[in-house]
Amino acid sequence: DTLLECALLEMRPEDQTPLLQAASYGKSFDELYQRDKFVDVCKLLRTLNSVRTSDAGLPITFREFDALGVDRFLDRLLNRHQHLLAVRVAEYLGISPDRALVHWACCKVRLCRQGDEDRISEAIHSKLARFETVSYAQIANVAFQANNVKLAINLLDFEPRAYKQVPLLLQMKEDERALRKALESRDADLVYYVVLFLR
């Protein structure tokens, strides 16, 4: 354990490697050693080393990472617009990459020019299609706040959950579309909500 802790405190991979090799050699003599800890430390070192490169430019120590926590660490990557790296780190550490994906999509939405709505919405959907838990309604709300109603409607068409589509459509004054989505969902509460809203 001491060797693993020392490896975590080192910043350079060439200094970490001999410590990890010694820890790996030592664990073979201890039958009660928890091998998961060694794997977790290697994952964490790999993550920290990947963000310390000149491309990402985030020279973070293990103690800083530990103090920040994974969520705030990912926020730092997102603030640097390192979306792909943030997604890969999240997946590698076994957490949902949804926040990184939504942040990326919202950046695309904010940069969208008039007339590019169809192209941007298709580009966003092509990247996010395999992630079923991503909220298109959240991205559409950003488009609506940026006064791009057409893009917001395009993005809402990709949202599979009607209960997330309908309130935003009503907020955008797309009453007929909201009622149609509510009826298509066959959710009585949602239909009742729309009818009460339209009164």
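Helices are DSSP runs of H or I with at least four residues, strands are E runs with at least two, and both are numbered from the N terminus. The model is predicted: local features need pLDDT of at least 70, side-chain atom pairs count only at pLDDT 80 or more, and totals for chains, interfaces and linings use all residues. Residues are numbered from 1 along each chain as its sequence is written, and side-chain values use heavy atoms, leaving out hydrogens and water.

**Stop 1: H2 and H3**

Select helix H2, residues 13-27. Add helix H3, residues 35-51. Their axes come within 11 Å and cross at roughly 170 degrees. (Axes are lines fitted to C-alpha atoms, for helices over the stretch in contact; angles run from 0 to 180 degrees between N-to-C directions.) That makes H2 roughly antiparallel to H3. (Angles under 35 degrees count as roughly parallel, over 145 as roughly antiparallel, 65 to 115 as roughly perpendicular, and the rest as oblique.)

Now show the side chains in contact, meaning heavy atoms within 4.5 Å. H2 brings Pro13, Gln16, Leu20, Ala23, Ser24 and Lys27. H3 brings Arg35, Phe38, Val41, Cys42, Leu45 and Asn49. This contact divides into seven nonpolar, three polar and two charged residues. (Ala, Val, Leu, Ile, Met, Phe, Trp, Tyr, Cys and Pro count as nonpolar; Asp, Glu, Lys and Arg as charged; the others, Gly among them, as polar.)

**Stop 2: the cysteines**

How many disulfides does a search of the whole structure find? Zero. (A disulfide is a pair of cysteine sulfur atoms within 2.5 Å.) Pick Cys42, which you just met in the contact of H2 with H3. Cys42 is in no disulfide, and the nearest cysteine sulfur, that of Cys6, is 14 Å away. Cys42 is partly exposed, with a relative accessible area of 27%. (Buried means under 20% relative accessible area, exposed over 50%, partly exposed in between, with a 1.4 Å probe and protein chains only.)

Jump to Cys112. Its closest cysteine sulfur is in Cys106, 13 Å away, which is too far for a bond. Cys112 counts as buried, at 14% relative accessibility.

**Stop 3: H5 and H6**

Select helix H5, residues 70-79. Add helix H6, residues 83-92. The two axes come within 8 Å and cross at roughly 160 degrees. H5 and H6 are therefore roughly antiparallel to each other. The crossing is right-handed. (A crossing is left-handed if the near helix is turned anticlockwise from the far one by less than a right angle, and right-handed if clockwise.)

Show Phe73, Leu74, Leu77 and Leu78 on H5. On H6, show His83, Leu85, Ala86, Val89 and Ala90. These make the contact. The residues divide into eight nonpolar, one polar and no charged.

Stay on H6. Its buried residues are His83, Leu85, Ala86, Val87, Val89 and Ala90. What covers them includes H3, H5 and helix H7 (98-110). Gly94 follows H6 and has a positive phi, near 80 degrees.

**Stop 4: H9**

Select helix H9, residues 136-145. H9 is mostly covered, with seven of its 10 residues buried. Which residues of H9 are buried? They are Tyr136, Ala137, Ile139, Ala140, Val142, Ala143 and Phe144. The cover includes H7, helix H8 (117-128), H10 and H11.

Now click Gln138, in H9. Gln138 counts as partly exposed, at 46% relative accessibility. Turn to Ala105: Gln138 lies 33 residues from it in sequence and 9.8 Å from it in space, C-alpha to C-alpha. Just after H9, Asn147 takes a positive phi of about 60 degrees.

**Stop 5: H11 and H12**

Select helix H11, residues 162-171, and helix H12, residues 175-185. Their axes come within 8 Å and cross at roughly 165 degrees. That makes H11 roughly antiparallel to H12. The crossing of H11 and H12 is left-handed.

From H11, Ala162, Gln165, Val166, Leu169 and Leu170 make the contact. From H12 come Asp175, Arg177, Ala178, Lys181, Ala182 and Ser185. This contact has six nonpolar, two polar and three charged residues.

Finish on H11 itself. Its buried residues are Ala162, Gln165, Val166, Leu168, Leu169 and Leu170. Their cover includes H9, helix H10 (149-156), H12 and helix H13 (188-198). Then step to Lys173, which follows H11 with a positive phi, near 65 degrees.
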